[in-house]
Amino acid sequence: METALLVMLVLALLGAFDTLYYHEYVCRLAVYGSKVAGELRLHALRDFLYGVFFLTLPFYKWQGGLTFLLALLILLEIAITIWDFNTEAVERVNIGGISNTERGLHLVMAVVYGVFLAHLFPHLLSWVRLDTGFGYQDPLPQWIRIAGVLFGAGVIGSGIRDLLASMGIRSFQRDLFGREIQEY
């Protein structure tokens, strides 16, 4: 499980870069709130799912019937990501579009996600045979758990912010650098 979690943390670093650099600094998505509301809502939903992954997988095994629930959440995340790829291409047209470098990063993230799933899958197969419930995860280095909690909290916070910006709540329609625009 340690390898799967290490790959998950690499994905978290890539996602943090994508959010901070492209979503906040370059595109300023929250500033445009209502113009990119669909994309922001998809980001929020995906962020909540990643929060669940980051906050549980370093600590617990999803055993028995919960294994199927985790698999459904993973499939939902994949569907949201595909939907997001299409939504951002449409919604960002009027705010400068999506750059080729950001698309490239998304491709790299998709590959890393596939590597994560490849390492997670054998664990899911063993967990499904156990009694339904959360079991304690095998011993892991403490820093992996701490990183999971930090990324989990960060991604949930980012999701809440994106959701509120998508709803047109003005105080959330600025980027992390405090920049906002007057015209919407």
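Me: What volume does the largest pocket have?
Reply: The structure is a predicted model, in which local features need pLDDT of at least 70 and side-chain atom pairs count only at pLDDT 80 or more, while totals for chains, interfaces and linings use all residues. A pocket is an open set of points on a 1 Å grid over the protein atoms alone, with a 1.4 Å probe fitting at the points and protein on both sides within 12 Å along at least five of seven lines. Grid points are joined across faces, edges and corners, and the volume is the space filled by probe spheres set on them. For the largest pocket this volume is about 670 Å³.

Me: Which element gives the most residues to the lining of the largest pocket?
Reply: Lining residues have an atom within 4 Å of a pocket point, and the largest pocket has 33 of them, with Gly15, Arg46, Asp47, Tyr50 and Met109 nearest its centre. Two or more of the lining residues come from each of α1, α2, α3, α4 and α5, where helices (H or I, at least four residues) and strands (E, at least two) are DSSP runs numbered from the N terminus. With nine residues, the element that gives the most is α1.

Me: How many salt bridges does a search of the whole structure find?
Reply: Residues are numbered from 1 along each chain as its sequence is written, and side-chain values use heavy atoms, with hydrogens and water left out. A salt bridge requires a side-chain nitrogen of Lys or Arg within 4 Å of a carboxyl oxygen of Asp or Glu. Searched over the whole structure, this criterion gives a total of seven.

Me: Are Asp84 and Arg46 buried or exposed?
Reply: The side chains of Asp84 and Arg46 form a salt bridge at 3.2 Å, N to O. This pair joins distant parts of the chain, with Asp84 in helix α3 (residues 65-91) and Arg46 in helix α2, 38 residues apart. Buried means under 20% relative accessible area, exposed over 50% and partly exposed in between, with a 1.4 Å probe and protein chains only. By that scale, both Asp84 and Arg46 are buried.

Me: How far apart in sequence are the parts that Asp138 and Lys61 tie together?
Reply: A salt bridge of 3.4 Å, N to O, joins the side chains of Asp138 and Lys61. Asp138 is in the loop between β2 (133-136) and α5, whereas Lys61 is in strand β1 (residues 60-63), so the parts tied together are separated in sequence by 77 residues.

Me: Why does Lys61 count as buried?
Reply: The limit for a buried residue is the one already given, and Asp138, at 41% relative accessibility, is partly exposed. Lys61 counts as buried because its relative accessibility is 15%.

Me: Which residues are linked with Arg92 in a network of salt bridges?
Reply: Arg92 meets Glu102 in a salt bridge of 2.6 Å, N to O. Glu102 belongs to helix α4 (residues 100-127), and Arg92 to the loop between α3 and α4, 10 residues away in sequence. Glu102 is buried at a relative accessible area of 0%, and Arg92 is likewise buried at 0%. The residues linked with Arg92 in the network are Glu39, Glu88 and Glu102.

Me: What type of aromatic pair do Tyr50 and Phe54 form, and at what angle between their planes?
Reply: Rings of Phe, Tyr and Trp (its six-membered ring) pair if their centres lie within 6.5 Å; planes under 30 degrees apart count as stacked, over 60 as edge-to-face and the rest as tilted. Tyr50 and Phe54 lie four residues apart in helix α2, about one turn of the helix, and both are buried. Their ring centres are 5.7 Å apart, so the pair, by the angle of its planes, is stacked, at 25°.

Me: Which residues form one aromatic cluster with Tyr50 and Phe54?
Reply: By the same pairing rule, the structure holds 13 aromatic pairs. The residues that join Tyr50 and Phe54 in one cluster are Phe53, Tyr113, Phe116 and Phe151.

Me: What sign does the phi of Arg28 have, and what is its value?
Reply: Most residues other than glycine have a negative phi. Arg28 is in the loop between α1 and α2, and it is buried at 17% relative accessibility. Although Arg28 is not a glycine, its phi is positive, at about 55°.
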